[in-house]
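Here's a quick tour for anyone meeting this protein for the first time. Take a look at the picture, then read on.

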Amino acid sequence: MSSLYIHIPFCKQACHYCDFHFSTSIRKKGELVSMLCEEIRLRKDELPGKQLDTIYFGGGTPSLLSSEELKQICDTINNNFEVREDAEITLEANPDDLTLENIKIFKKAGINRLSIGVQSFFEEDLQLMNRAHNATEALESIQMAKQFFENISIDLIYGIPGMSNERWKTNIETALSLGLPHFSCYALTIEPNTALKKMIEKGKVKPVDDEAARAHFDILTMRLKEKGFTHYEFSNYGKPGFFSENNTAYWFGKPYLGIGPSAHSYDGENRKWNISNNTLYMKSIEMGKLPLEQEELSTTDRYNEYVMTRLRTIWGIDINEVEERFGNLYKTHLLNEASNEIKLGLLKQNENVITVTKKGKFLSDGIASNLFFIN
């Protein structure tokens, strides 16, 4: 299984919490799209088999692409790869970009899954985060998208300063009333060098309350389980048949090719990433040079990544797979370290699979770090 990720590094405005690579100037959008297409041509042989099972347009804000730009990228992909007939093709979109005309453009281009960045249905939350849309646009955009797309996911953020349990419950119920098959829900994290970090340091915004975030997580998990959603990864909840194929491939360590400034790639042993600078990226590609750095992952690196990603999922850590892929040394280490977490009720072992318990779910990243192999 192979995946292609396309990073569209443009946004209308900067969200206060975001530390992804993007530019709010779209002056050179057309030029950059041409360089994305050139990078696809330069790197088409990096994926094994050349068949694509998933394509993901992320960012930034891919819904800012014009119909011509989107067609240009899709044509380049189809000319350089064999795309599986039923490949999952996702585009991230902001509610303010989802006009009826744009939704039809996305559908015509072959997009079959929309991931809509709603974040909240409350104005005060959207304003705090400096989102470009309002609550009415969020609802209207989803209703429009449902006319053309069945496979729709929305993003929601919890743990926002000042967000009560009641407001979070209302967000969940509003989302559920829309009849969608998938939700991605994230605890608000304060990243360095973001506007939100500076606002908290200046006392303009309350700090994030970890206990409140934990309460929101528990409310969310219980309510979505009641409504038939599977909590298949720490931040992701899906109805049967609607789990994200793209993200699942990442968690299972499948190879993927990342195109565009700041995009990462992985071939099973090596991690590569492009420079996070639009101008330097374009100059480099124009000269036929790949603006990337590369890291060869050691067995320990790959084991630690496996533990980190798989512990976040319902599939957990397969003890036999650890032995096959990494060797008996890592299997023995895993079993020794996991025994402590099992005693604490944070992990459970069912035959050859180790997963987090309900008690350990919110702490999965910390538990994973306790299982890491340190050279």
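What follows covers the overall build and then two residues, R43 and D53.

This is a predicted model, where local features need pLDDT of at least 70, side-chain atom pairs count only at pLDDT 80 or more, and totals for chains, interfaces and linings use all residues. Residues are numbered from 1 along each chain as its sequence is written, and side-chain values use heavy atoms, with hydrogens and water left out.

**Overall build**
- The protein has 14 helices and 15 strands, read as DSSP runs numbered from the N terminus (helices: H or I, at least four residues; strands: E, at least two).
- Its C-alpha trace spans about 55 × 50 × 45 Å along the principal axes.
- Of the 375 residues, 52% count as buried, meaning under 20% relative accessible area with a 1.4 Å probe, protein chains only.

**R43**
- You'll find R43 in helix α1 (residues 29–43).
- R43 counts as buried because its relative accessibility is 1%.
- The side chains of R43 and E46 share a polar contact of 2.8 Å (a pair of N or O atoms within 3.5 Å; within protein, one must be able to donate a hydrogen and the other to accept it, and residues adjacent in sequence count only if both atoms are side-chain atoms).

**D53**
- D53 sits in strand β2 (residues 51–59).
- With a relative accessible area of 8%, D53 is buried too.
- A polar contact of 3.4 Å links the side chains of D53 and Q51.
- The C-alpha atoms of D53 and Y237 are 21 Å apart, with their positions 184 residues apart along the chain.

Conventions
Buried < 20%, exposed > 50% of the residue type's maximum accessible area, 1.4 Å probe, protein only.
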